[in-house]
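Hi everyone, thanks for coming. I'd like to walk you through one structure today, so please have the sequence and the 3D view open.

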Amino acid sequence: MTTYELTSLREAHKDQTRARILDAAIEEMRESKLDTLTIAKVAERAKVTERTVYRHFLTREDLLKAVWPRMQARVGSSGFPQTADALIATPLRLFPRFDEEEGLIRASISSETGRAVRLSSNPQRQAAMLACVTDAMPRMDDAVKRRRAAIVQLIDSAYGWSVLSDFWGLDGAEAGRAAAEAIAVLLGRRSADDESDLTRDLTLGEEK
C-alpha cells in the first residue's frame with residue numbers, strides 16, 4: 001500500500017470518528033439537558049475514549065460549535081434566507097422538521113449553552129433578516145427595517161415554533177403556516193385579511 005493510500009485511509013478514519021462523535025453529542029442532547037452534556041458522556045456514547053474526543057475538539061465549547069451546523073443539517077436548514085420569498089417559505093419547511101427533532105430543538109433553546117451558540121451566529125442571522133426586509137421594502141426607513149427584521153427573526157425561529165406548539169397546540173405544519181402568513185403580512189407580500197392558501201401561492205411562484 002502506498003504512502004498516499006495510507007494517508008487517505010487515516011484521513012477517512014479520522015473523518016468517520018469525528019462524525020461519530022458529533023452524532024453522539026446530538027443523541028446525548030436529545031435525551032438530556034444541553035448544559036449537562038459532558039465530554040465523558042459523548043465519548044461513552046460514541047464508543048471512543050475521552051482522549052479521542054479531545055484530539056478532535058480541544059474543548060467542550062469547540063464540540064458544541066461543531067455540533068450546531070450538523071444540527072441545522074438534520075432539520076433541513078441550508079443557511080439563512082436572503083430574500084423575502086425565501087424567508088416566508090422557511091417556517092413552512094423547517095417547523096415540521098422541528099416536530100421530528102423536538103428533543104434536540106428544545107435542548108438548544110432551553111439552555112445557556114444553546115443560547116451562547118445561537119448568539120455566536122447572530123450577526124449573520126441579523127444581516128440575513130435585514131436583507132430579506134430590504135428585498136421586500138427597499139425604501140423603508142432603516143430604523144423601521146431593523147424593527148421589522150427583529151420581529152420576523154423571532155417568528156421564524158425555534159422560539160416561535162415552541163410558543164405556537166406549547167401555547168396553541170399547533171403541529172409543525174400549522175405552526176409553519178401561521179409563521180409564514182405573519183411574515184408575509186409584515187413584509188407586505190399579502191394583506192392581513194387574505195385567507196388564500198399561502199403554500200399554494202408559494203408553489204405557483206416557484207413554477208413561474
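Let me start with a question: with which side chain does the side chain of E28 make a polar contact? It is the side chain of R45, at 2.9 Å. Please keep in mind throughout that this is a predicted model.

Let's stay with E28 for a moment. You will find E28 in helix α1, which covers residues 3-31. Is E28 buried or exposed? E28 counts as buried because its relative accessibility is 9%, and the cut-off for buried is under 20%. If we set aside the neighbours within four places in sequence, E28 is in contact with L37, K41 and R45.

Now look at E27, which also has its place in helix α1. E27 has a relative accessibility of 24%, so E27 counts as partly exposed. Again leaving out neighbours within four places in sequence, the contacts of E27 are R45 and R74. So R45 turns up in the contacts of E28 and in those of E27. You can also check a backbone distance here: the C-alpha atoms of E27 and A46 are separated by 9.8 Å, with the two residues 19 apart along the chain.

Let me step back to the whole chain. How many helices and how many strands does the chain have? There are 12 helices and 0 strands. Of the 208 residues, 38% count as buried. Here is a number on how the chain packs: take the contacts between residues at least 6 apart in sequence, and 69% of them join residues at least 24 apart.

Next, a small backbone detail. Most residues other than glycine have a negative phi. K47 has a positive value, with phi near 60°, and K47 is a residue other than glycine. Where is K47 found? K47 is in the loop between α2, residues 39-46, and α3, residues 50-56. K47 is exposed, because its relative accessible area is 73% and the cut-off for exposed is over 50%. There is another positive phi at G76, of about 85°, just after α4.

That brings us to α4 itself. Helix α4 runs over residues 60-74, which makes 15 residues. From its first C-alpha to its last, α4 reaches 21 Å, close to the 21 Å expected at 1.5 Å a residue. Which residues of α4 are buried? They are R60, L63, L64, A66, V67, W68 and M71.

Now for the empty space inside. Rolling a probe the size of a water molecule over the atoms shows where empty space is left. The count comes to 2 cavities of 30 Å³ or more. The largest cavity holds about 290 Å³ of space. It is lined by 23 residues, and those nearest its centre are Q72, S77, L94, F98 and R125. The elements that give two or more residues to this lining are α4, α5 (84-100), α6 (102-109) and α8 (122-136). Which element gives the largest share? That is α5, with 5 residues. As for chemistry, the lining residues of the largest cavity divide into 11 nonpolar, 8 polar and 4 charged.

Two more residues before I finish. I183 sits in helix α11, residues 172-186. I183 is buried, because its relative accessible area is 0%. Not counting neighbours within four places in sequence, I183 is in contact with L87, I88, P91, V152, I155 and D156. For V152, the C-alpha atom is 5.9 Å from that of I183, although the two residues are 31 apart along the chain.

Then there is R189, in the loop between α11 and α12, the latter being residues 198-207. With a relative accessible area of 38%, R189 is partly exposed. With which side chain does the side chain of R189 make a polar contact? The partner is the side chain of D85, at 2.7 Å. Beyond four places in sequence, R189 touches A84, D85, I88, D135, A136 and A184. The C-alpha atoms of R189 and I88 are separated by 9.2 Å, and these residues are 101 apart along the chain. You may recall I88 from a moment ago, as one of the contacts of I183.

That's my tour, so thanks for listening.

Note on methods
Residues are numbered from 1 along each chain as its sequence is written. This is a predicted model: local features need pLDDT of at least 70, side-chain atom pairs count only at pLDDT 80 or more; totals for chains, interfaces and linings use all residues. Side-chain values use heavy atoms; hydrogens and water are left out. Helices (H or I, at least four residues) and strands (E, at least two) are DSSP runs, numbered from the N terminus. The expected span of a helix is 1.5 Å times one less than its number of residues. Buried means under 20% relative accessible area, exposed over 50%, partly exposed in between (1.4 Å probe, protein chains only). A polar contact is a pair of N or O atoms within 3.5 Å; within protein, one must be able to donate a hydrogen and the other to accept it, and residues adjacent in sequence count only if both atoms are side-chain atoms. Contact means heavy atoms within 4.5 Å. On a 1 Å grid over the protein atoms alone, a cavity is a set of points where a 1.4 Å probe fits but cannot get out, and a pocket is an open set with protein on both sides within 12 Å along at least five of seven lines; lining residues have an atom within 4 Å of a point. Grid points are joined across faces, edges and corners, and a volume is the space filled by probe spheres set on the points. Ala, Val, Leu, Ile, Met, Phe, Trp, Tyr, Cys and Pro count as nonpolar, Asp, Glu, Lys and Arg as charged, and the others, Gly among them, as polar.
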